[in-house]
Amino acid sequence: MNLTEYAEWVWQRHEPDPVYVGFYWDNLREACEGLASESGELLQCQRKMTYERTMIPPGEFLIEAADVLHYLALFCRQAGVGVDDLANINMSKLKARDLGRQADFEMMFRAWKPEVELLREYLDRVNRMTVLMCTEGDADEPMQWWWYDQKGKVKNDSEGTTERD
């Protein structure tokens, strides 16, 4: 079973309401609460080993980590993205950090509008822009920022509004 199949299996266990799929609906709450709760249980294993000097079997760590994966898969399915998409976002962010441009990457990526552009296309464009910034400017210099307004037009601090490509 791959992660996409696993996410679908998790999704079916939670009896999703197809009307409420997306980032801004209450069904996302269960996924976020589950992630926080299960991450806390994983951390509790480490805390018991560190502060209480209690031996925790490796299997207990794996059970709790698997529960974290369960709610991460639910989050991804609810949000309409794959676990592999999250991995790609994280890898891009870390590469941007290595280039001294993590803040730039994060600022650009936070502007993503799911209704305007597909995630993978947007991530590719942000990655290209991050690399371009490294060749055109110092990491300490502020860049001119652009973003999409609600009508899909690109706004830029210095140029005003232009039509989207």
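Reader: What makes the contact of glutamate 8 with arginine 77 a salt bridge?
Author: In this predicted model the closest N and O atoms of glutamate 8 and arginine 77 are 2.9 Å apart, and the term asks for a side-chain nitrogen of Lys or Arg within 4 Å of a carboxyl oxygen of Asp or Glu, so the pair qualifies. As the model is predicted, local features need pLDDT of at least 70 and side-chain atom pairs count only at pLDDT 80 or more, while totals for chains, interfaces and linings use all residues. Residues are numbered from 1 along each chain as its sequence is written, and side-chain values use heavy atoms, with hydrogens and water left out.

Reader: Which parts does this pair tie together?
Author: Glutamate 8 belongs to helix α1 (residues 3–13) and arginine 77 to helix α3 (residues 58–79), so the salt bridge connects parts that are 69 residues apart in sequence. Helices here are DSSP runs of H or I with at least four residues, strands are runs of E with at least two, and both are numbered from the N terminus. By that rule the protein chain has six helices and three strands, in the order α-α-α-α-α-α-β-β-β.

Reader: Why is arginine 77 called partly exposed?
Author: Its relative accessible area is 27%, and the class lies between buried, under 20%, and exposed, over 50%, judged with a 1.4 Å probe on protein chains only. Glutamate 8, at 31%, is placed in that class as well.

Reader: How do you know that the side chains of glutamate 52 and arginine 47 meet in a salt bridge?
Author: Their N to O distance is 2.7 Å, which is within the cut-off already given. Glutamate 52, at 42% relative accessibility, is partly exposed, and so is arginine 47, at 29%. In total the structure holds eight salt bridges.

Reader: What separates glutamate 106 and arginine 110?
Author: They are four residues apart in helix α5 (residues 102–110), which puts about one helical turn between them. An α-helix has 3.6 residues a turn, so residues three or four places apart point the same way. The N to O distance of this salt bridge is 3.6 Å, and arginine 110, with a relative accessible area of 65%, is exposed. Elsewhere, salt bridges that share partners join Asp84, Asp85 and Arg120 into one network.

Reader: How do you know that glutamate 38 has no salt bridge?
Author: The nearest side chain of opposite charge, that of arginine 13, is 11 Å away, where Lys and Arg count as positive, Asp and Glu as negative, and His and the chain ends are not counted. Glutamate 38 is nevertheless buried, and it is found in helix α2. Leaving aside neighbours within four places in sequence, glutamate 38 is in contact (heavy atoms within 4.5 Å) with Glu64, Asp67, Val68 and Tyr71.

Reader: What covers the buried residues of α2?
Author: The cover includes α3, and the buried residues of α2 are Leu28, Ala31, Gly34, Leu35, Glu38 and Cys45.

Reader: What makes the span of α2 agree with the expected one?
Author: The expected span is 1.5 Å times one less than the number of residues, so the 25 residues of α2 should span 36 Å, and the end C-alpha atoms are indeed 36 Å apart. Just after α2, arginine 53 takes a positive phi of about 55°.

Reader: How many aromatic pairs does a search of the whole structure find?
Author: The search finds three. Tyrosine 6 and tryptophan 9 form a stacked one, with 6.1 Å from centre to centre and 25° between the planes, since rings of Phe, Tyr and Trp (its six-membered ring) pair if their centres lie within 6.5 Å, and planes under 30 degrees apart count as stacked, over 60 as edge-to-face and the rest as tilted. Both residues lie in helix α1, three residues apart; tyrosine 6, at 17%, counts as buried, whereas tryptophan 9, at 43%, counts as partly exposed.

Reader: Why is the pair of phenylalanine 109 and tyrosine 122 called tilted?
Author: Their ring centres are 6.0 Å apart and their planes stand at 55°, so the pair is tilted. It links phenylalanine 109 in helix α5 with tyrosine 122 in helix α6 (residues 119–136), 13 residues apart. Phenylalanine 109, at 16%, is buried, as is tyrosine 122, at 0%, and ring pairs link Phe105, Phe109 and Tyr122 into a cluster.
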